[in-house]
Amino acid sequence: QVQLVESGGGLVQPGGSLRLSCAASGSIFSIYAMGWYRQAPGKQRELVAAITSGGSTNYADSVKGRFTISRDNAKNTVYLQMNSLKLEDTAVYYCNADLKRTVVAPRRDYWGQGTQVTVSS
């Protein structure tokens, strides 16, 4: 069994900052990419940022320059530092991990339960 547990969401004013964390635990052989997605009410889930095991990153255009993704491979943890938050960043943020549970198992995606980020004055 694999679990992804997110933390760090909450309510923040426009221009403020939040830091999300996501720790993967359980039977894990290797984690490849980890990332953050978000889903606002009435909208599709979208990629916010992703990072490979080697540290290569990818960001949505809407968050470039404001958000920073990082990971601690030893702790199987990924972080999302969110600065200069805007009203339109309000959404449920989901952690994602592309991993193998054993050496022979296929790679597949795992998801966290989501954490609410609300940007409001």
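## Strands, salt bridges and a few single residues

Ser 21 is buried, because its relative accessible area of 17% is under the 20% limit. The residue sits in strand β3, which covers residues 18-26. Leaving aside residues up to four places away in sequence, Ser 21 touches Val 5, Glu 6, Ser 7, Trp 36, Val 78 and Tyr 79. All of this comes from a predicted model.

**The whole protein**

What secondary structure does the protein have? The count is eleven strands and zero helices. Read from the N terminus, the order of elements is β-β-β-β-β-β-β-β-β-β-β. The radius of gyration is 14 Å, close to the 14 Å that the globule rule gives for 121 residues, so the protein is as compact as a globular protein of that length. Along the principal axes, the C-alpha atoms fill a box of roughly 50 × 25 × 25 Å.

How much of the protein is buried? Buried residues make up 41% of the 121 residues. The accessible surface is about 6,400 Å². Carbon and sulfur atoms account for 47% of that surface.

Contacts also reach across the sequence. Take the contacts with a separation of 6 or more: 56% of them are between residues 24 or more positions apart.

**Charges and salt bridges**

The protein carries 13 positive and 8 negative side chains. The centres of these two sets lie 4 Å apart. A search of the whole structure finds five salt bridges. The table lists three salt bridges, with the N to O distance for each pair.

| Positive residue | Negative residue | N to O distance |
|---|---|---|
| Arg 38 | Glu 46 | 2.7 Å |
| Arg 38 | Asp 89 | 2.9 Å |
| Arg 66 | Asp 89 | 2.8 Å |

Start with Arg 38 and Glu 46. Their side chains meet in a salt bridge. Arg 38 counts as buried, at 6% relative accessibility. Glu 46 counts as partly exposed, at 36%.

Next come Asp 89 and Arg 38. The closest N and O atoms of their salt bridge are 2.9 Å apart. This pair links distant parts of the chain, 51 residues apart. Asp 89 lies in the loop between β8 (77-82) and β9 (91-100), while Arg 38 belongs to strand β4, residues 30-39. Are these two residues buried or exposed? Both Asp 89 and Arg 38 are buried.

Asp 89 also forms a salt bridge with Arg 66, at 2.8 Å between the closest N and O atoms. Why does this pair tie together separate parts of the sequence? Arg 66 lies in the loop between β6 (57-59) and β7 (67-72), and Asp 89 in the loop between β8 and β9, so the salt bridge ties together parts that are 23 residues apart in sequence. Arg 66 and Asp 89 are both buried. Shared partners join Arg 38, Glu 46, Arg 66 and Asp 89 into one network of salt bridges.

**Tyr 37 and Val 103**

Tyr 37 lies in strand β4. With 24% relative accessibility, Tyr 37 counts as partly exposed. Which residues does Tyr 37 touch, not counting those up to four places away in sequence? They are Arg 45, Glu 46, Leu 47, Val 48, Val 92, Tyr 93, Tyr 94, Asn 96 and Trp 111. Glu 46, one of these, is also the salt-bridge partner of Arg 38. Tyr 37 and Thr 68 are 31 residues apart along the chain, and their C-alpha atoms are separated by 13 Å.

Val 103 is found in the loop between β9 and β10, where β10 covers 108-111. Is Val 103 buried or exposed? Val 103 is exposed, because its relative accessible area of 54% is over the 50% limit. Along the chain, Val 103 and Leu 80 are 23 residues apart. In space, their C-alpha atoms are separated by 29 Å.

**Two loop residues with positive phi**

Where does Asn 76 lie? Asn 76 is in the loop between β7 and β8. Its phi is near 50°, a positive value in a residue other than glycine. Asn 76 is partly exposed, with a relative accessible area of 24%.

Ser 84 lies in the loop between β8 and β9. For Ser 84, phi is near 50°, again a positive value in a residue other than glycine. Ser 84 counts as partly exposed, at 40% relative accessibility. The loop between β8 and β9 also holds Asp 89 of the salt-bridge network.

Definitions and conventions
Residues numbered from 1 in each chain as written. Predicted model: local features only at pLDDT ≥ 70, side-chain atom pairs only at ≥ 80, totals over all residues. Heavy atoms only, no water. Helix = DSSP H or I, 4+ residues; strand = E, 2+ residues; numbered from the N terminus. Rg over C-alpha atoms; globule rule 2.2 N^0.38 Å. Buried < 20%, exposed > 50% of the residue type's maximum accessible area, 1.4 Å probe, protein only. Contact = heavy atoms within 4.5 Å. Areas by Shrake-Rupley, 256 points an atom, 1.4 Å probe, with all protein chains shown as cover. Lys, Arg positive; Asp, Glu negative; His and termini not counted. Charge placed at Lys NZ, Arg CZ, Asp CG, Glu CD. Salt bridge = Lys/Arg side-chain N within 4 Å of Asp/Glu carboxyl O.
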